[in-house]
Amino acid sequence: MHGISLRRLSLTLPLLLASLLATPAHAGKTLDVIKARGNIQCGVSTGVAGFSLPDSQGNWSGFDVDLCRGIAAAVLGDANKVSFVPLNSQQRFSAIQSGEVDVLARNTTWTLNRDASLGLSFTGVTYYDGQGFLVPKKLKVTSAKQLKNAEVCVQSGTTNEKNLADYFRSQGIKIKPVVFEGFEASFKAFFSGRCQAYTTDISGLAGVRNKEAKNPDEYVILPEVISKEPLGPAVRRGDDEWFAIVRWVAFALIEAEEYGITRANVDRIRAENKDPAIGRLLGSTEDSGKLLGLDRDWAYRSIKAVGNYGEIFARNVGPESVLKLPRGLNNLWNKGGILYAPPVR
């Protein structure tokens, strides 16, 4: 009898410990402030096509904008309860450090230096990018290695500036960087003829070519990709609860695409679903929200507001957008890409 009792105890003890640990999360200081304020302060770029760009009425759209709206829907129940704070490259890190913004979603590259020394934490990669070069077709340049002695426009205070110097130094090629403080100033100088080439992330090159050039067909993106640019949101270090919320909203949108859940069908799937994994994601069978300090409908609201990751990609930077970028590495792990979200369970 003792042997049976001990065996039962050994089997049930892990489950008992797990249930004790799976208690609702404390809201965290940042979430408390957000709820009291009634909106999320989201730091975005001053205007990058496809990622964060205001129209003439001040309405923001873009990949990063949709992520912020998804977070607002999950946290506050309304995707419109977010204020967008435009920040240039020099302002962005001090804005998150000082508390001016709650989350930085500003096509920012995750690097060791930024992660370890700036008092912020990257919550994950939402877009895998790389740095490239844009040149006028009339130069008949087909490779970055042909840019010897060329003047190259680049924005200061970015990984692009350092990558530019590193790449051509490693190739033994001399170029002349022409550095500008602002993103807009850098590409406008290029299109005015100040430089023979312009460098930034490839998504940015596609954006400025298709949106800013008088004739986009007169420019070509060279084949070289000279860096890894994993882009993603960052939050202020020290609030693990808020870090987890921002991270898992992005994961939920990726999971939704993997399960085929869209903005259009989320209500039907939620009502008819018999898959336990989908039930956990949408809150119909289990309450995963309590582990984040949220309610059970957090992921459902986010998907309903902005769609899944694939929908966000398509309308902002993919085939439905002016950028028309391929999914590439940003496709799901089971569709040829490396996009992979931990399971919601």
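Let me start with a pair of helices, because in this predicted model helix 3 passes helix 9 in a right-handed crossing. Helix 3 covers residues 63–76 and helix 9 covers residues 240–258, and the two pack at an angle of about 110°, with their axes 10 Å apart. Since angles of 65 to 115 degrees count as roughly perpendicular, that makes helix 3 roughly perpendicular to helix 9.

If you look at the side facing helix 9, you will find L67, G70, I71, A74 and V75 of helix 3, and these meet a set of residues in helix 9 made up of W242, I245, V246, V249, A250 and L253. Sorted by class, this contact of helix 3 with helix 9 has ten nonpolar residues and one polar residue, with no charged residues.

Please keep helix 9 in view, as I would now like to turn to another of its partners. Helix 12, which runs over residues 298–306, packs with helix 9 at an angle of about 65°, and here the axes are 10 Å apart. That angle makes helix 9 roughly perpendicular to helix 12, and the crossing of these two helices is right-handed. On the helix 9 side the contact is made by W248, V249, A252, L253 and A256, while helix 12 brings W298, A299, S302, I303 and V306. By class, the contact of helix 9 with helix 12 has nine nonpolar residues, one polar residue and no charged ones.

Returning to helix 3, we can ask which residue C68 is joined to by a disulfide. The partner is C42, and the S to S distance is 1.8 Å. This pair links distant parts of the chain, with C42 in strand 1, residues 40–44, and C68 in helix 3, 26 residues apart. Over the whole structure, a search finds two disulfides.

As for the wider setting, an unreviewed UniProt entry lists residues 39–269 as "domain: Solute-binding protein family 3/N-terminal". In the model, the C-alpha atoms at the two ends of that span lie 29 Å apart, and the span is 36% helix and 23% strand.

Finally, let me point out two places in the backbone that deserve a look. N107 has a phi near 25°, which is a positive value in a residue other than glycine, and N107 lies in the loop between strand 5, residues 103–104, and helix 5, residues 112–117. K140, likewise not a glycine, has a positive phi of about 60°, and K140 sits in the loop that runs between strand 8, residues 131–136, and strand 9, residues 151–155.

Methods
Residues are numbered from 1 along each chain as its sequence is written. This is a predicted model: local features need pLDDT of at least 70, side-chain atom pairs count only at pLDDT 80 or more; totals for chains, interfaces and linings use all residues. Side-chain values use heavy atoms; hydrogens and water are left out. Axes are lines fitted to C-alpha atoms, for helices over the stretch in contact, and angles run from 0 to 180 degrees between N-to-C directions. Helices (H or I, at least four residues) and strands (E, at least two) are DSSP runs, numbered from the N terminus. Angles under 35 degrees count as roughly parallel, over 145 as roughly antiparallel, 65 to 115 as roughly perpendicular and the rest as oblique. A crossing is left-handed if the near helix is turned anticlockwise from the far one by less than a right angle, and right-handed if clockwise. Contact means heavy atoms within 4.5 Å. Ala, Val, Leu, Ile, Met, Phe, Trp, Tyr, Cys and Pro count as nonpolar, Asp, Glu, Lys and Arg as charged, and the others, Gly among them, as polar. UniProt positions are given in the numbering used here, feature names are shortened, and annotations may be inferred rather than shown by experiment. A disulfide is a pair of cysteine sulfur atoms within 2.5 Å.
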